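Here is a short briefing on the salt bridges of one protein chain. Look at the structure first, then read the points below.

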Amino acid sequence: MSVARHPDGLELSGPKEGERTERPCIFLMIDQMAVGGSERQFAALANSLNHDSLRLKLGCLQRQGAFLDGLGQIAEFPLGGSFLSRQAQRSRLALARYLRSNQVAVAHSFDFYSNLMLIPVAHLAGVPVVIGSQRQMGDLLTPVQFRLQAALFRWCDRVTCNSHAAANRLLETGLQESKVVVIPNALPDAAFAEAPGC
């Protein structure tokens, strides 16, 4: 088994001995698991993927929040308060080692901060497919943040948006239309169950 060590002592292990490595490894990353739309979709996707046909790995920048329950092990890559901090640089190196040691085939980030962390690291680590996310209109970002994220999206193979309005904002920045995919937020079957008395 290949093992990388996080600077804070966390062992970031690769495929276990005897594990079927022909199953592709999918890595999903988010900022944290506080209550919110992106966090809910992250948890729903992680719980719905078929673990018999793939190896699923999860990561975050801060291991905290209500949606952590039931997701199992989530690797943490903290920023230390800033993308420019020494801790952030150590976490970038640890993330690159993690992606390589787990032979990640698809790396998918879910929000602004995980986009900024994962997209360039996965690209430079040689991950075959890198996916970013634009899950809001961009009006919650400063103009500098919006432009920075849009520039990073050019390194992605695809960028998922949860609405056509969000997708159109990206297309206005000049991002290739072929890279932008609209996937509306998913709802479980229970959300459509008839209410009692109906």
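The points below cover confidence, then each salt bridge in turn.

This is a predicted model. A search of the whole structure finds two salt bridges. One pairs glutamate 76 with arginine 63. The other pairs arginine 169 with glutamate 172.

**Confidence**
- The average pLDDT of the chain is 84. A score of at least 70 is reached by 83% of the residues.
- Residues 1-13 have a pLDDT below 50. In the model, this stretch still has 42 contacts beyond near neighbours in sequence.

**Glutamate 76 and arginine 63**
- The closest N and O atoms of this salt bridge are 3.7 Å apart.
- Where do the partners lie? Glutamate 76 is in strand E5, residues 75-76. Arginine 63 is in the loop between strand E4 (55-60) and E5.
- The partners are 13 residues apart in sequence, so the pair ties together separate parts of the chain.
- Glutamate 76 is partly exposed, with a relative accessible area of 23%.
- Arginine 63 is also partly exposed, at 39%.

**Arginine 169 and glutamate 172**
- Here the closest N and O atoms are 3.9 Å apart.
- Both residues belong to helix H5, which spans residues 164-172.
- Arginine 169 and glutamate 172 are three residues apart in this helix, so about one helical turn separates them.
- Which partner is exposed, and which is partly exposed? Arginine 169 is partly exposed, with a relative accessible area of 25%. Glutamate 172 is exposed, at 64%.

Definitions and conventions
Residues numbered from 1 in each chain as written. Predicted model: local features only at pLDDT ≥ 70, side-chain atom pairs only at ≥ 80, totals over all residues. Heavy atoms only, no water. pLDDT = per-residue confidence, 0-100. Contact = heavy atoms within 4.5 Å. Salt bridge = Lys/Arg side-chain N within 4 Å of Asp/Glu carboxyl O. Helix = DSSP H or I, 4+ residues; strand = E, 2+ residues; numbered from the N terminus. Buried < 20%, exposed > 50% of the residue type's maximum accessible area, 1.4 Å probe, protein only.
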